[in-house]
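Student: I would like to know how the terms used for a structure are justified. Can we go through some of them one by one?

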Amino acid sequence: MRPPRHTKYILQIIIIITIASLLGLFLSTHGGEDGTAKQNAQEYTQQNSQKKIIPTKKRESVEEAKQNGMISSTSPNCAYKNCPKLRDDVINVHIICHTHLDPGWLNSVDGYFYGIYHERQPNHNGQPYRHSMPSVLTIFNNVMGALLENSKRRFVFAEMSFIWRWWKRLDEDFKTIVRKLLNDGRLDIAGGSWVSNDEAVSHYSAMIDQCTLGFRFVKDELRICSQPAVAWQLDLFGHGREINSLFAQMGYDAILFGRLDYQEKEQRTTRKTLQMIWKVNENAPQNEQWLFTGILPNLYHPPETLGLKSDNNGALLRPTDADTLPESASVYSKRLLNELISQQIKYNSTNIAVIYGGDFEYEDATQYFQNIDAMIDTINNLQNETDGQQKFHVHYSTPTCFLHALSQEKRTWPVREGDFLSYAHRAHAFWTGFYTSRPGIKFYERYVGAFYQSLRQLSIYSNSIGFDVLSKLGETMGLMQHHDTITGTSPLVHIEDALRRLHRAETSGKALALTLYQSILTPTTASNWSTPLIFCPLNESYCRPLATIHKFSAIVYNPSSVSNQVWIRIPVAQQQTIHLDTAIAKKFSIDVTEIGTINLSPSFLTIPLDFPRNQVQELIIRVHVPPLSLQAIPFIASKQQQSVEPLASTKSSCSIENQHYILKVNEQGSIVSLKLKSLDKEINFQQNFSYYTSSSSDGKSQQQSGLYVFRPVGTDPPKQVDIKEFYCLKRKGYEEIIQIYTSFGSQVIRLLDSSSYIEFDWVVGRLNANVEFVTSYESKDLNNNGIFYTDSSGRSLMKRIRDKRDGYHFSQSEKSAGNYYPLVTGIIIKDEKEDLQLSVITDRAQGGGSIEDGQVEIMLHRRTLTDDGLGVSETLNELGNDSQGIAVRGRHLLSVAKIADGIKFFREHALKSVWRPIIAFRNESNNQPLDYKTWSLLKADLPPQVNILTIEPLNQEKDTLSILFRIEHIYEPNEHPTLSKPISIRADKIFMNHKMLEIKEVTLGANMYKNEAFKRLKWTLDATYEGKNQYPEVSTFDGKRIQLSPMQIRSFIVKLEKRAS
């Protein structure tokens, strides 16, 4: 009978510890050539008597970690201190052993960890079954045993989300052994973040959070050098500049990755420039502008045909040709030697890396390492210095040690600017489809991210902070940033698991929100509220609990650092009337306006629900909510049907307007012009829905469209969808045009009172097979000369030029797909001559570009039944609860204005689109009365160029609270005439009702004090590079005023004295 899994692994741990003890005993009695191995083995078993260094339930602060010797002073990263000694007379070959572990891809996170496939299969009686890939738990346990067998062996840890799951299952003795391996450099932490985050569609704030989570685990638990040296981003689908600028600010010295556009890789291979210095931020201080960038030769695998997991029969390699095995170590080593000669020519370096590992490898760790041992011993003994070729010395190494060896080479390095997007692995194979794939999960991640941000901010006012709930939300949001999750490039088994995780974390967050709102809105009442908060899917235009409530309040929290005019659309049932309680609103001076009740747009009536829709009207409310503020709004409902003006389609042209624009449509309902009232200028303007047909293989290429790749049929523009009918609705302060299309889409176009944008509220779904649905915004009166701007991870703007790429000669093979880029928050085109800018803000990551001058095209949704052949073996075929192509709802905000006004609009609304207001409802029947005064975290509004990026509770004691606090400047230099200037704010004037006791600056990853951060490695640039740096060096924080230069982020640990209860 097979023993239970947990019993199996307890036995494995006991065996490993026993091996270590026996090894130490053997070496202590017999001596040996390797004195270090003897000492290490003894120390592995002696650590039990040393002082415990694992924190208890209380998280250690940065300062406490320093006292335990975990943070070095200003010196090179201490991760370099245990690298193997190199030889000067040879080419040093660094054997890097790793296993590539995706926290969710073809299987769920837990499915991979335990080796169980979680999809219920009919042929397995509806039960989970053993997945074909090994379990991560087994891999880690077996690698530890293999490392203890040979002191020369080294291995790489990467994503902390899996390490954390494994770590929780270890006892203290085994944890001590692992820490010793880490401190000795035999286990290397490469990356060290929670996951290997995507660099195209992840928002920079979520990326910083998940890195911080990983660093915190390293510092608090593993207790080694808490700053990883190398960003280990092996498997990503292109690399963005902003994320790597943040890596440099976190203290990474380099990024190593595998995927480089095929054209650039060919050109760099020819020029021997596969290793370079990437200028990731020209506006940063000098020591944060650069990131060494290395392209690995074979993605993250060994050289082709030279895998060493085992030979074809599963046997070990042997050291001589006399063995009667399919391949001996000497035969293999001769083949590898030829590969090393070829690789050394490509890289032109005295240090080259050979990666041994792949997806979920090393379950057979002992055999794998024994094969590598045999290869290393054999190749180092071969007489390989022939025909003037240099000799190779092969040894175990790590990414950290490989990087450090490169830094010691006396040479110059080429410079790369821009970014590595968008990526193609061959002609006609642009990985630009995943920018939009699975728009539902991209939207849900954005919403939960805003909710998580809100709960962290509000928690600093709680007497008992829900650390468990916040941790679960943080871990879940961290997992979402993985490059196979937020991208949507996984089969449904993992996507559905990720959605369930998000939902569970959100549900826990709702319970915490109730506690927080109680303490803020009813501070003098000891009893709990009688009913839970009501959170409704307003994106689907229904809220069933409100249909039976006579009196309720909407509670709106604005987590952004910008004041927000929040438009709330409250679903109203057929036999119901809802109005603002004007008496209470006036008494508490709530800045709120009731616009009125309207019939639900036919666009939204078609959204499929699991039950009959009886809420067919909406009450429109506008409320002003200051930054980081909470506002409750009272409502009264009655059981009587409200008289609402019926919607009637029209065949006549019409227009809508507000203080900024007049938008006109013709007799078919198509937009024809836009008047800019502040400039008294009318321009040609259109917006259209259209679609591409997904390509299967054709005469030009075998490449098909799929989860990753966007490849349309032919080169013609997308096929336009006709408008079936349209409606015009005008109310004071609220005007809209409703467009119903003949297929796939509908939308509402709104002009709201005082809003500087036009809102496009679209519903797209029930797509036919192989439809890639896009929207376009066009003006013949705008000429952008092939130039457009897309945000990099939601922060800095990247200049794009149609049919061109940064850093290499680019040959276009796909007119549309090859000009798509990720739009995390939006896209801009400018007409410099006319001083006009068209900006579009998205509500989730999408793909798009400027395919023609004067035009912006954005892909909204995809349903491709072709497979791009990139490993998933599943088509993009999401179905809704009506068994048709799933429907999604979203919105774009569009502005056309002078360039200076346009960039202000873009920066402000990009923030609002990510940190969107959180809306909840409370039943006021039999509940304690609320305090309807506006409540704020801030003493005063922040300057418009300043954003509070992070408020995270870290430690709560009797009278004090420690938080992680990040604040940033959101404008780039010279981007705006006034808002691009440096600014200074008083640290002690930020928080309301809190006294600041102490504030210390830390690194961006919050794992070291800023004044004690490691010195980054220095590199010599090619003499041909001419760069300039006008950025002032960062001023030392004086404990009072925070100086912010354009695009600068500063991080602090702040100790606050809490408000009186």
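Tutor: Yes, and we begin with a helix of this predicted model. Helix H7 covers residues 172-183, 12 residues in total, and spans 16 Å from its first C-alpha to its last.

Student: What makes 16 Å the expected reach for the 12 residues of H7?

Tutor: The expected span is 1.5 Å times one less than the number of residues. For H7 this is given as 16 Å, and the model's value is close to that.

Student: Why is H7 called largely enclosed?

Tutor: Nine of its 12 residues are buried, so the rest of the structure largely encloses H7. Among the buried ones are Phe174, Ile177 and Leu181, and also Lys175 and Arg179. Each of these counts as buried because its relative accessible area is under 20%.

Student: What makes Val354 a contact of Ile95?

Tutor: Contact means heavy atoms within 4.5 Å, and Ile95 touches Val354 on that basis. Tyr356, Ile372 and Met375 are also among the residues that Ile95 touches. Ile95 is one of the residues with the most contacts inside the largest nonpolar core, which has 110 residues.

Student: What makes the largest cavity a cavity and not a pocket?

Tutor: A 1.4 Å probe fits in a cavity but cannot get out, whereas a pocket is open. The largest cavity holds about 250 Å³ of space. Among its 27 lining residues, Ala158, Glu159, Ala190, Ser196 and Trp232 are the closest to its centre.

Student: Which classes of residue make up the lining of the largest cavity?

Tutor: The lining has 16 nonpolar, nine polar and two charged residues. Strand E4 gives the most, with three residues.

How values were computed: Residues numbered from 1 in each chain as written. Predicted model: local features only at pLDDT ≥ 70, side-chain atom pairs only at ≥ 80, totals over all residues. Heavy atoms only, no water. Core = buried A, V, L, I, M, F, W, Y, C linked by side-chain atoms within 4.5 Å. Buried < 20%, exposed > 50% of the residue type's maximum accessible area, 1.4 Å probe, protein only. 1 Å grid on protein atoms, 1.4 Å probe; cavity = no way out; pocket = protein on both sides within 12 Å on 5 of 7 lines; lining within 4 Å. Points joined across faces, edges and corners; volume = space filled by probe spheres on them. Helix = DSSP H or I, 4+ residues; strand = E, 2+ residues; numbered from the N terminus. Nonpolar A, V, L, I, M, F, W, Y, C, P; charged D, E, K, R; others polar. Lists of a residue's contacts leave out its neighbours within four places in sequence.
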